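Subject: Structure handover

Hello,

Here is the structure I said I would pass on. My notes follow below it.

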Amino acid sequence: MRVLLIGANGFIGRFVADRLLADPAVQLTALGRGDDADVRFDLATGSPGALTRFLDAVHPGVVVNCAGATRGGARELTRHNTVAVATVCEALRRSGCGARLVQIGCGSEYGPSQPGSSTAEDAVPRPGGPYGVSKLAATELVLGSGLDAVVLRVFSPAGPGTPAGSPLGRLAEAMRRAMQSGDGELKLGGLGVQRDFIDVRDVARAVHAASLSAAQGVINIGSGRAVRLRDAAAVLARVAGYGGALHELDAPSGPLRAAIGHPRADSEHTAPMAYPYPDGCGSWQQADVRTARDRLGWRPRINLEESLADIWMEAACRI
């Protein structure tokens with residue numbers, strides 16, 4: 001099977017590449033903006049015609065699109081997440097390769113959900129920010145393209161390579177700095193948020209399964225369990241051996257002290273506060289993952305503690 005992978009250098013794309021390369025039946029070609037891509041091409045500025053000519057030359061059976069932007073203004077997000085996908089869809093329609101498209105979507109497309117609920121694929125999307133809007137527009141382009149296509153809505157990916165700007169990445173970096181300076185207190189915001197964390201290696205397995213399947217439409221990829229960021233912080237502290245105290249900056253009734261071990265010193269470390277819900281998903285998000293189980297034969301294998309241990313191992317190397 002010849003697979004064209006777009007965005008192989010991204011957080012998810014790197015692990016998808018590793019997973020596909022481990023399959024001896026897959027012949028992988030990477031397309032991207034970086035110098036290490038097999039073919040250099042910028043989806044946000046390149047023409048559908050140019051991409052069509054490349055598709056006709058390579059003739060892939062599957063195109064996996066992991067490219068996109070998670071940060072930036074509305075214009076930049078639209079260019080990299082929506083216009084880029086429009087280019088892919090139009091090129092595939094024009095091409096004679098007949099390739100199947102596996103598009104990486106995200107849980108932010110759904111927007112806020114009711115605490116305690118699990119969000120299924122038939123939920124009406126109401127994204128709460130420009131990132132979710134740009135990704136939802138991309139999903140609608142894929143679903144309306146007439147292509148053999150599936151969109152994997154990935155919830156909150158975690159594990160090795162987690163971006164420093166993500167909630168778990170910020171948490172690990174703040175803890176690293178606190179330990180490095182000997183601070184016995186750590187102040188963070190947004191610890192009451194509950195998210196469905198899924199290891200990036202499990203995401204890669206889902207992409208591999210989707211590439212081999214005939215499933216179409218939208219499929220959620222998550223753990224099926226919401227975890228409070230405060231609880232994730234406690235696990236990370238245990239993994240890291242951090243014995244300080246955690247202060248929550250944005251609790252409704254003022255800073256809430258949640259002890260992680262015991263304070264070691266009178267000094268304190270304050271991490272920059274961010275808007276509590278930068279992904280536009282409110283205080284709660286949990287995926288209903290039955291469709292992935294039924295249509296892809298996929299289940300998550302890696303638990304959050306292992307993901308956090310890998311995040312911390314990378315953060316600790318910077319000490």
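In this predicted model, helices α5 and α9 are oblique to each other, because their axes cross at roughly 50° and that angle lies outside the ranges for roughly parallel, roughly antiparallel and roughly perpendicular. The axes of α5 (residues 167-181) and α9 (residues 304-316) come within 10 Å, and the crossing is right-handed. On the α5 side the contact is made by Leu 168, Ala 172, Met 175, Arg 176 and Met 179, which meet Leu 308, Ile 311, Trp 312 and Ala 315 of α9. By type, the residues of this contact are eight nonpolar, one charged and no polar.

Next, the nonpolar cores. The largest one has 34 residues. Ile 12, Val 16, Val 64, Leu 152, Ile 221 and Leu 296 have the most contacts inside it. Helix α6 (residues 200-212) supplies the largest share of this core, seven residues. Another core, of 29 residues, lies apart from it and includes Phe 54, Cys 97, Leu 101 and Leu 147.

Leaving aside residues up to four places away in sequence, Leu 296 touches Leu 152, Ala 206, Ala 209, Ala 210, Ser 213, Ala 215, Ile 219, Ile 221 and Thr 291.

One last residue: His 80 sits in helix α3 (residues 74-94). His 80 counts as buried because its relative accessibility is 12%, and the cut-off is under 20%. With the same sequence neighbours left out, His 80 touches Arg 33, Ala 44, Gly 68 and Ala 69.

Regards

Terms used. Residues numbered from 1 in each chain as written. Predicted model: local features only at pLDDT ≥ 70, side-chain atom pairs only at ≥ 80, totals over all residues. Heavy atoms only, no water. Helix = DSSP H or I, 4+ residues; strand = E, 2+ residues; numbered from the N terminus. Buried < 20%, exposed > 50% of the residue type's maximum accessible area, 1.4 Å probe, protein only. Contact = heavy atoms within 4.5 Å. Core = buried A, V, L, I, M, F, W, Y, C linked by side-chain atoms within 4.5 Å. Axes fitted to C-alpha atoms, helices over the stretch in contact; angles between N-to-C directions. Parallel < 35°, antiparallel > 145°, perpendicular 65-115°, else oblique. Left-handed = near helix turned anticlockwise from the far one by under 90°. Nonpolar A, V, L, I, M, F, W, Y, C, P; charged D, E, K, R; others polar.
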